[in-house]
Amino acid sequence: MTTIILGGGLAGVSLSAFLDGESIILEAAGRAGGLCRSFDFGGGKFDVGPHILFSKNEKALSELLSSCPTNRLRRSNRIFHAGRFVKYPFENELSALSAGERDRCLREFLDNPYRPYPAQNMLQFFLKTFGEGITRLYLQPYNEKIWKFDPAFMDTQMVERIPRPPDEDIKKSAAGEATEGYLHQLYFNYPKEGGIESVVRSFAARARGKASVHAPVQLRAIARTARGWQVDTDRGVFTAPKIVNCMPLHELFRYISPPDHVKEALAGLKYNSIHIIVLKAKKDAIGDNFAVNVADCGIIFHRISKLNFLGGAYAPEGGGSLIMAEITFRPGSDAASWSDSALIARVREDLHSTGLVDKNDVEDAVCRTFKYAYVIYDLAHKQNKAQVMKYLDETGIPCCGRFAEFEYLNMDAIIASSLEMAGRLKKHA
Ligand SMILES: Cc1cc2nc3c(=O)[nH]c(=O)nc-3n(C[C@H](O)[C@H](O)[C@H](O)COP(=O)(O)OP(=O)(O)OC[C@H]3O[C@@H](n4cnc5c(N)ncnc54)[C@H](O)[C@@H]3O)c2cc1C
């Protein structure tokens with residue numbers, strides 16, 4: 001039983017590896033990998049935002065870690081706040097703040113008037129769980145910056161499982177006693193070489209012999225036939241009894257015509273795009289840290305990462321450092337039309353103004369932009385998604401993947417989803 005797989009990101013490629021039968025992957029880009037591709041620069045490699053491997057799902061994690069040799073690393077992330085480094089997560093090192101901000105965060109955590117209320121949106125969740133100080137100084141501006149959407153209009157799906165830290169931990173954090181938060185990501189893995197794309201390549205190798213990858217291919221039409229499905233493309237017509245959508249929903253719906261209420265629901269599903277800028281610098285002031293979050297809205301990027309941290313294969317040729325800056329934007333906003341050179345110039349200036357990298361130390365830079373980066377959990381997400389999925393279910397097109405399921409899925413969740421999809425397809429074979 002052959003399956004047509006639309007989209008050759010991690011979801012499509014891992015699904016082809018898990019399926020018993022043959023599959024045909026139709027991928028629009030020049031090669032498979034999607035958001036898990038890695039790109040050469042400065043003698044190293046960079047991902048679409050550094051992709052680290054971690055999970056609470058043991059099966060998915062073991063699939064990922066057995067795919068290629070990895071380095072095991074201990075998180076060393078910081079928040080750059082008011083000219084200082086604060087250990088990540090913010091609430092775990094309140095002692096690094098100025099005395100006034102530290103006391104405010106502690107006081108408003110312990111004596112929090114919002115605590116008894118149920119949280120109806122992301123902002124209310126932060127206020128209820130962390131108090132006004134931690135929320136207004138870091139969580140609110142950082143989330144506004146990454147989502148480009150007011151957290152008061154986002155639901156709590158992303159955050160509702162974050163536990164309220166015990167009072168004792170916050171007192172210790174204000175007193176300068178080291179504590180760690182988000183323990184499930186304290187250690188993570190990263191491919192020893194090749195960037196995160198090594199993981200996709202390994203799944204592609206597992207699928208060799210039973211999967212054929214067509215890339216780049218341009219879809220023209222998708223139609224149901226008496227025997228299954230027919231996909232018309234610039235590289236011929238492909239037919240198979242089964243089809244699975246692993247590409248973004250907004251792409252799939254270019255080739256099928258749903259009723260108006262489904263079109264409206266699809267239009268309501270919101271996402272962010274991302275600019276990735278990587279600079280090669282002679283030196284920096286980031287130290288042995290990996291990722292640094294910046295909530296300050298005057299600085300264009302929300303996060304920078306020092307790629308050297310990931311292992312020897314990721315340091316630039318001839319020494320120095322590779323620094324990645326991430327800038328999210330809403331499709332259609334002003335930031336969507338910035339040129340690569342304007343973005344690079346602005347990142348250079350902002351790094352210089354923070355003191356993290358002197359602009360005169362920057363030797364080279366590159367910029368790449370990706371349309372689908374983050375699903376936005378706005379207040380209508382659940383309802384819009386349910387309408388779209390109900391229609392696809394009735395149409396007989398199952399979906400597997402981050403923008404195919406329209407959920408904030410990391411690589412581990414993608415593997416869990418493609419394993420589940422392979423199981424479902426086998427059952428119905
Ligand atoms: C900035 C950033 C940082 C991240 N960091 C991490 C991390 O640290 N750890 C982690 O586990 N996960 C991370 N992720 C998530 C991870 O990238 C995703 O979970 C995973 O790559 C999703 O795979 P996918 O196949 O579902 O989607 P995609 O990778 O989006 O694949 C979809 C595929 O469909 C193709 N396509 C699109 N349109 C068409 C069309 N018309 N015809 C044919 N094909 C089409 C695309 O080219 C693409 O190859 C991060 C994501 C981002 C954006």
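Is Gly-83 buried or exposed, and what is its relative accessible area? Gly-83 is exposed, at 60% relative accessible area. The legends below take up this residue and several other sites. The model is predicted: local features need pLDDT of at least 70, side-chain atom pairs count only at pLDDT 80 or more, and totals for chains, interfaces and linings use all residues. Residues are numbered from 1 along each chain as its sequence is written, and side-chain values use heavy atoms, with hydrogens and water left out.

**View 1. Gly-83 in the loop between β6 and β7.**
Strand β6 covers 78-81 and strand β7 covers 84-87. Helices (H or I, at least four residues) and strands (E, at least two) are DSSP runs, numbered from the N terminus. Gly-83 is exposed; exposed means over 50% relative accessible area, buried under 20%, and partly exposed in between (1.4 Å probe, protein chains only). Ile-134 is 51 residues away along the chain from Gly-83. The C-alpha atoms of the two residues are separated by 17 Å.

**View 2. The open sheet β10-β11-β12.**
3 strands make up this sheet, and their pairing is antiparallel. Its edge strands are β10 (219-225) and β12 (236-240), each pairing on one side only. From one strand to the next, the twist averages 15 degrees. For such angles, axes are lines fitted to C-alpha atoms, for helices over the stretch in contact, and angles run from 0 to 180 degrees between N-to-C directions. Two strands pair if DSSP finds at least two bridges between them. Strands of a sheet pair through backbone hydrogen bonds, either parallel or antiparallel.

**View 3. The β10-β11 hairpin.**
Strands β10 and β11 are joined by 6 bridges and run antiparallel. The hairpin passes from β10 to β11 through 2 residues. Thr-225 has Gly-228 in β11 as its bridge partner.

**View 4. The β11-β12 hairpin.**
Strand β11 spans residues 228-233, and 5 bridges join it to β12 in an antiparallel run. Here too a hairpin makes the link, through 2 residues. Trp-229 stands opposite Ala-240 in β12. Asp-232 faces Val-237, also in β12.

**View 5. Thr-328 in strand β17.**
Strand β17 holds residues 321-329. Thr-328 is buried, at 0% relative accessibility. A polar atom of its side chain lies 2.8 Å from the backbone oxygen of Ile-146. The backbone oxygen of Lys-145 lies 3.3 Å from a polar atom of the Thr-328 side chain. A polar contact is a pair of N or O atoms within 3.5 Å; within protein, one must be able to donate a hydrogen and the other to accept it, and residues adjacent in sequence count only if both atoms are side-chain atoms. Leaving aside neighbours within four places in sequence, Thr-328 touches residues including Lys-148, Asn-272, His-302 and Tyr-374. Contact means heavy atoms within 4.5 Å.

**View 6. Positive phi at Lys-148 and Phe-406.**
Lys-148 is not a glycine, yet its phi is about 55 degrees. Lys-148 sits in the loop between α4 (122-147) and α5 (167-175). Its relative accessibility of 32% makes Lys-148 partly exposed. Phe-406 has phi near 55 degrees, again a positive value in a residue other than glycine. The loop between α10 (381-395) and α11 holds Phe-406. Phe-406 is buried, with a relative accessible area of 0%.

**View 7. Cis peptide bonds before Pro-89 and Pro-216.**
The bond from Tyr-88 to Pro-89 is cis, with omega near -10 degrees. Pro-89 lies in the loop between β7 and α3 (99-110). The bond from Ala-215 to Pro-216 is cis, with omega near 0 degrees. Pro-216 lies in the loop between β9 (211-214) and β10.

**View 8. The ligand and its surroundings.**
Of the 31 residues around the ligand, Glu-27, Leu-35, His-51, Arg-402 and Leu-409 come nearest. A residue is near a molecule or strand if one of its heavy atoms lies within 4 Å of it. A ligand nitrogen atom is 3.1 Å from a polar backbone atom of Ala-28. An oxygen atom of the ligand lies 3.4 Å from a backbone N or O atom of Pro-50. A polar backbone atom of Met-411 is 2.8 Å from an oxygen atom of the ligand. On its own the ligand has 1000 Å² of accessible area, and the protein covers 93% of this. Accessible areas come from the Shrake-Rupley method with a 1.4 Å probe; for residues, only the protein chains shown count as cover. The elements that give two or more residues to the shell are α1 (10-18), β18 (362-375) and α11 (411-427).
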